Every structure is written in structure tokens, then in C-alpha cells.
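Visitor: I should like to learn how to read a few features of this model. May we begin with the strands and then turn to the interior?

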Amino acid sequence: MRENVQRVPIGEALPSEPSGGAKDGRVAALMQTLEAGTEAILTSEGFQAYLRMQTRFWQYSATNTLLIMMQYPDASLVNSYDRWHTLNRQVKKGERGIKIFYPFKKKLVDEESGDEVLRVMGFGVGNVFAYEQTEGEPLAEPPTPAERFGTSDVAGEIDRRLSLWAIGQGLRLAQKPLPAIRGYFSPDQREIVLNAALPADDGRLKTLVHETAHFVAGHKGWRGEKQDAETIAEGSAFVVLRHFGMDTADYSFPYVARFARSTALLRSHLQTIQQVSSTLIGAIETERPEEAGEWL
């Protein structure tokens, strides 16, 4: 299996100010790159390009995914210089590192629990290199979704795993006749309802992932901004399904074309999409409950 050892922080908060000691201005310079990248994806096309990048780097923080995209948009995999060396690959002469943020962490005692915890105290700047910047022994190709799940019905297997995971989280899943809508998530009832008329293929799966994303994101119905919640849910669904080989661009991108009104809002969305999609992909790939309930 193609090895993908992470060398960038996963799920860290977006740094909003240079921190961690910017003695030579590297942090400040990288913040400028981050701001430029956020501005660049304020268009529908830019947002589409970012989401496609996120499907490759689903475990990486939104910050570093965007920085990798700005500096090396064709990157398929990144690692540190030393890590590539252990994989019997060498960075090509003259290649420049891709600068990313990494967190400075410190062990502290939690005042409530008394346990030792790692706290992020600031951010520094490090270098990684893309696979395309290296040469040497080839890496094994990752298994296809069908090989990974041991079934040719990938959509059906993902549907089964995600449904069981959701039920294991205490959600009630139901299918009902729903005029004009494909499904909904009710936070008060802790219920996901899909339109019973949806075909039992990836059409139903798209809606299941979308509504489960609302749950993971903690959306509370439409008391907040519907546009923001829908951007996060559909963006997350696109990342999850493309990760497993199903491209929903024709459906997803028109859906989220009206996404953000400011860079600050968009940056918040990017971080939430990363966290939600990472949670769902992890649940599908690692959860193997035998029985957790049934659809109603």
C-alpha cells in the first residue's frame, strides 16, 4: 500500500496571527501566502479547485492544504526531506521546499481533570516536498475502493458503514415520502430522514453523507445561516465521496456556488469542512460494527 506518513499538522486551528517566534519573518510571509490563497478561492472555480485538493489531503489541516495548493498545486503526496530518504527517494537537486505551518506544543496539566495534555502554543514554519519533486524507488499504488472494501458495490458498502456508524452515534435513521427535498437532519430529534423515493445507489448515498455532515458539524437546523451550513455539508460530502472514487462535481458545485462572502468566513468553512470530512472518512474506513440498528 502506498505509504502516506503525515508530516504536516492534522486538524490544527488556523493561525490568525504570526506566532511561535517569527524571528526572520517566515511566519508573517507564510500568513501572506495563506491570505492570498484564501482570496484566490473566493470564486466558485477557486473553491472547486480547493475541494479537489482536499480530497487528496483529507487528513491535513485546512491551512496546510491551502498552502500546499498555492505553492505546488499538482502535489499528490508530501513528506519531509528525511521521510522521503527513509522511503528510498531523494529530493531532486534544485527543488524548493513547500512551506507549511507546524504547531509548537507543550505538555500542560489540565486544571479540571489533572491529566497531562498537549496544548498548541504557537506555530512555526517547516518544509515538505511533493512526491513529484523526488526521484528513486516508486511507491506502491493505493488500493482502489473496491479492493479496500472487498466488494464491487462500493456505494452500497459505504452506505452500510456510514449508516451503522451514525446509528452508533445515537442517531435515528428513517426513510419517508418527502415532497420536493432529498432529505434532512433534525438536531432536536437526532434524526436523519431520506426521501424514500431516492434510488438505492449513489444518489441516496450523496444525501446520506450530506445529512450526516450536518450532524458532525453540529448544525442546529436553520436558526443560523442556511447558506453557510449547506456549503459545509455539501463541501464535506464532495470530499468524502471523491476520496472513495465517486465524483459528485456536477451536483455538488452548483449547490455550493453561493458559498462565502468574506475571507474570514471562508477560512472558517475550510477548517470545518476538513474536520467534518476527515471524521466521516475515518468512520467509513475504520468502523466495522456488525450490528448497530436498522433503517426505519
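Guide: In this predicted model, glycine 183 stands opposite leucine 194 in β8. Four bridges join β7 to strand β8 (residues 191–195), and the two run antiparallel.

Visitor: What is the order of the strands in the open sheet of three?

Guide: The order is β6-β8-β7, and the pairing is mixed. The edge positions belong to β6 (172–176) and β7 (183–186); each has a single partner strand, so one side of each is left without a neighbour in the sheet. From one strand to the next, the twist averages 15°.

Visitor: How should one read the nonpolar cores?

Guide: The general idea is that, in soluble globular proteins, nonpolar side chains tend to be buried together. Here the largest nonpolar core has 62 residues, and Ile68 and Val78 have the most contacts inside it. Helix α10 (residues 263–286) supplies the largest share of this core, eight residues. Another core, of six residues, lies apart from it and includes Leu87, Val91, Phe129 and Leu139.

Visitor: Why does glutamate 157 count as buried?

Guide: A residue is called buried under 20% relative accessible area. Glutamate 157 counts as buried because its relative accessibility is 14%. This residue lies in helix α6 (residues 154–168). Leaving aside residues up to four places away in sequence, glutamate 157 touches Phe149 and Thr151.

Visitor: Which residues are buried in α2?

Guide: They are Gly46, Phe47, Gln48, Tyr50, Leu51, Met53, Gln54 and Thr55. Helix α2 (residues 44–56) has 13 residues and reaches 19 Å from its first C-alpha to its last, close to the 18 Å expected at 1.5 Å a residue.

Technical notes:
Residues are numbered from 1 along each chain as its sequence is written. This is a predicted model: local features need pLDDT of at least 70, side-chain atom pairs count only at pLDDT 80 or more; totals for chains, interfaces and linings use all residues. Side-chain values use heavy atoms; hydrogens and water are left out. The expected span of a helix is 1.5 Å times one less than its number of residues. Buried means under 20% relative accessible area, exposed over 50%, partly exposed in between (1.4 Å probe, protein chains only). A nonpolar core is a set of buried Ala, Val, Leu, Ile, Met, Phe, Trp, Tyr and Cys residues joined through side-chain atoms within 4.5 Å. Contact means heavy atoms within 4.5 Å. Two strands pair if DSSP finds at least two bridges between them. Axes are lines fitted to C-alpha atoms, for helices over the stretch in contact, and angles run from 0 to 180 degrees between N-to-C directions.
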